Amino acid sequence: MTGLRDAALDDLDAIAALERQIFGVDAWSSESVRAELAEPGRVLAIQASEDQARGIAGYAILSIVGPTAAL
């Protein structure tokens, strides 16, 4: 199924690769991405396709502080 889902540690390599592709030298390190993945509900993944069970086409890292949320 395609769509939005919670990201998991299994997605670390894919998210880190997208991060490097999109942001280049300003990309977060794999360690930073791993720390975000350790927080439940903090990272969402956009599922690429049914053919790729864990493949992702994109991601969002969420930050919620009090009644405010930011991407």
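## A buried acid and its surroundings

Asp11 is buried, with a relative accessible area of 1%. That makes a good place to start a walk through this structure, which is a predicted model. Asp11 forms a salt bridge with Arg5, and their closest N and O atoms lie 2.9 Å apart. Arg5 is buried as well, because its relative accessible area of 16% falls under the 20% cut-off. In general, side chains of opposite charge can pair when their charged atoms come close.

**The overall layout**

Let's step back for a moment. The protein chain contains two helices and five strands, arranged along the sequence as β-α-α-β-β-β-β. Of its 71 residues, 28% are buried. The chain exposes about 4900 Å², with carbon and sulfur atoms supplying 55% of that area. Taking contacts between residues at least 6 apart in sequence, 48% join residues at least 24 apart.

How far can you trust the coordinates? The mean pLDDT of the chain is 83, and 83% of the residues score at least 70. Helix H2 (residues 30–37) has the highest confidence, at 94, while strand S5 (residues 68–70) has the lowest, at a mean of 64. As a rule, where pLDDT is low, the predicted coordinates should not be read in detail.

**The two salt bridges**

The structure holds two salt bridges, and the pair at Asp11 has a counterpart at Glu36. Both are set out here.

| Acidic residue | Basic residue | Closest N and O atoms |
|---|---|---|
| Asp11 | Arg5 | 2.9 Å |
| Glu36 | Arg42 | 2.5 Å |

Is Glu36 buried or exposed? Glu36 counts as buried, because its relative accessibility is 15% and the cut-off is 20%. Its partner Arg42, at 27% relative accessibility, counts as partly exposed. Glu36 sits in helix H2. Beyond its neighbours within four places in sequence, Glu36 is in contact with Arg42 and also with Trp28, Val43 and Ile61.

**Helix H2 and the core**

Which residues of H2 are buried? They are Val33, Glu36 and Leu37. These residues cover an arc of only 100° around the axis, so they lie on the same side of H2.

Val33 and Leu37 also belong to the largest nonpolar core, which has 11 residues in all; the other members are Ala7, Leu12, Ile15, Leu18, Val43, Ala45, Ile56, Tyr59 and Ile61. Two or more of the core residues come from each of H1, H2, strand S2 (43–49) and strand S3 (52–61). In soluble globular proteins, nonpolar side chains tend to be buried together.

Ile56 is a handy core residue to click on, with a contact list that leads back to the opening pair. Setting aside residues up to four places away in sequence, Ile56 touches both Arg5 and Asp11. Its further contacts are Ala14, Ile15, Leu18, Ala45, Ile46 and Ala48. Of the residues that Ile56 touches, Ile15, Leu18 and Ala45 are themselves members of the core.

**A loop beside H2**

One last stop is Leu9, in the loop between strand S1 (3–6) and helix H1 (12–23). What does Leu9 touch, not counting residues up to four places away in sequence? Its contacts are Arg34 and Leu37. Although Leu9 and Arg34 are 25 residues apart along the chain, their C-alpha atoms are separated by 7.0 Å. Leu37 is one of the buried residues of H2 and a member of the largest nonpolar core.

Key. Residues numbered from 1 in each chain as written. Predicted model: local features only at pLDDT ≥ 70, side-chain atom pairs only at ≥ 80, totals over all residues. Heavy atoms only, no water. pLDDT = per-residue confidence, 0-100. Helix = DSSP H or I, 4+ residues; strand = E, 2+ residues; numbered from the N terminus. Contact = heavy atoms within 4.5 Å. Core = buried A, V, L, I, M, F, W, Y, C linked by side-chain atoms within 4.5 Å. Buried < 20%, exposed > 50% of the residue type's maximum accessible area, 1.4 Å probe, protein only. Areas by Shrake-Rupley, 256 points an atom, 1.4 Å probe, with all protein chains shown as cover. Salt bridge = Lys/Arg side-chain N within 4 Å of Asp/Glu carboxyl O. Arc of directions from axis to C-beta.
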